[in-house]
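Visitor: I would like to go through this model with you and ask, for each label, what justifies it.

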Amino acid sequence: MKIMKTGCEGGDVISDVHKEAVILAGDRYTQFSNALSALLGTGPLDDIVVEYAGMNVPLPKLAEVDTTGPISLIAAFDNAAGDAIRDALVRAGFRVRISAKIIRVTAPQSDPREQIARIAEHAHKARCDVRDVYEHLTGRCRLLLADGTFSADEERRTRRAIQRLTDMTISNIDLDATRFMAMAKGHRPVPLDDADDWELARFADTYDGYAAFDDDPIARGRAVQQVRRLWDETGLLSNDLNLLRTCLFLEVKAHRRRGGGRPLSEQPFVRALVTRIRDVSGGTVLWDDL
């Protein structure tokens, strides 16, 4: 979810009306964002029951589950439970792949045209809801001006701040609708230069770098080393999109194995890979449909 700016000019004291606008517009945006995530993602997996060790066990008791993105990620607490979890998910109709002990899950295939139509409906409703917030609160500004609570200057500044806020909210809705429509078609936008660590890691996970080079780890390792050596020496990167995404995937995996450390967003090689992927791909890439 994006952090909504207030739209208030520097140094202005935000009126109670404007504070209410921030809350209401943010709430409408959050509802819209959550609806789109639910539309393309698996939704909660808490009701999945796994047949394990002769018992029926709820999935959350056997694994850590992350359902925040279009691909849900599951890490079993016990490696022996992995196959049982996979079988339970397949029986429930989900598409499943196991990669480096992480179970990657996507929702059953849906008609992209139907999903795009539903995204458009959600976006239209969200825009209307935000415009209603604007109409309601600018109407309050006029009433406060009429009864003398607001001076003409206070009314004007608050109304303009509400206008900027709602315009920014609608712009974010439009951007998200475009992004989710691309995802419905099987594409995922490449993160922008100001992406945070969470977004970079989630993007890296949309490609299975372990499966590259026909699962030949030696060939994969050599190719990745050559990419890094070339970048270290010249600052240049390959035009091979799959190789670039493999490098990013492995950089993020290595970062996790190290237990964090320097943020991904502050690592020049990671930033260079993301920028190159965006340039080579034209801004969107196919994500693993499992």
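Visitor: What makes I277 a contact partner of residues elsewhere in the sequence, and which residues does I277 touch?

Guide: In this predicted model, and leaving aside residues up to four places away in sequence, I277 touches V190, F203, L241, L244, R245, L248 and V285. Contact means heavy atoms within 4.5 Å, so each of these residues has to meet that limit with I277.

Visitor: Which residues of the largest nonpolar core touch the most other members?

Guide: The largest nonpolar core has 24 residues, and those that touch the most other members are L237, L248, L273 and I277. Two or more residues come from each of helix 5, helix 7, helix 8 and helix 9, the last spanning 268-281, and helix 9 gives the most, with six residues. There is also a second, separate core of 17 residues, which includes Y52, V57, A63 and V105.

Visitor: Why is the pair of E20 and R140 called a salt bridge?

Guide: The closest N and O atoms of E20 and R140 are 2.4 Å apart, and the cut-off is 4 Å between a side-chain nitrogen of Lys or Arg and a carboxyl oxygen of Asp or Glu, so the pair qualifies. The pair links distant parts of the chain, with E20 in helix 1 (residues 16-40) and R140 in helix 3 (residues 112-146), 120 residues apart.

Visitor: Why are E20 and R140 called partly exposed?

Guide: Partly exposed covers what falls between under 20% (buried) and over 50% (exposed). E20 has a relative accessibility of 27%, so E20 belongs in that middle class, and R140, at 31%, is therefore placed there as well.

Visitor: How do you know whether D205 is buried or exposed?

Guide: The relative accessibility of D205 is 6%, and buried means under 20%, so D205 counts as buried. D205 forms a salt bridge with R256, the closest N and O atoms being 2.8 Å apart. This pair also links distant parts of the chain: D205 is in the loop between helix 5 (197-204) and helix 6 (212-215), while R256 is in helix 8 (residues 241-257), 51 residues apart. R256 has a relative accessible area of 38%, which is neither under 20% nor over 50%, so R256 is partly exposed.

Visitor: Where do D232 and R228 lie, and how many residues apart are they?

Guide: Both D232 and R228 lie in helix 7 (residues 217-234), four residues apart, which is about one turn of the helix. Their closest N and O atoms are 3.0 Å apart, which is within 4 Å, so D232 and R228 form a salt bridge. D232, at 48% relative accessibility, does not pass the 50% limit and therefore counts as partly exposed; R228, at 32%, is also partly exposed. Elsewhere, salt bridges that share partners join D83, R86 and D87 into one network, and a search of the whole structure finds 16 salt bridges.

Visitor: What makes A80 an exposed residue?

Guide: A80 has a relative accessible area of 53%, and exposed means over 50%, so A80 is exposed. A80 lies in the loop between strand 4 (72-76) and helix 2 (82-91). From A80 to L264 the distance is 32 Å, C-alpha to C-alpha, across 184 residues in sequence.

Visitor: How many of the residues are buried in the chain as a whole?

Guide: Buried residues make up 43% of the 290 residues, in a chain with nine helices and eight strands.

Technical notes: Residues are numbered from 1 along each chain as its sequence is written. This is a predicted model: local features need pLDDT of at least 70, side-chain atom pairs count only at pLDDT 80 or more; totals for chains, interfaces and linings use all residues. Side-chain values use heavy atoms; hydrogens and water are left out. Buried means under 20% relative accessible area, exposed over 50%, partly exposed in between (1.4 Å probe, protein chains only). A nonpolar core is a set of buried Ala, Val, Leu, Ile, Met, Phe, Trp, Tyr and Cys residues joined through side-chain atoms within 4.5 Å.
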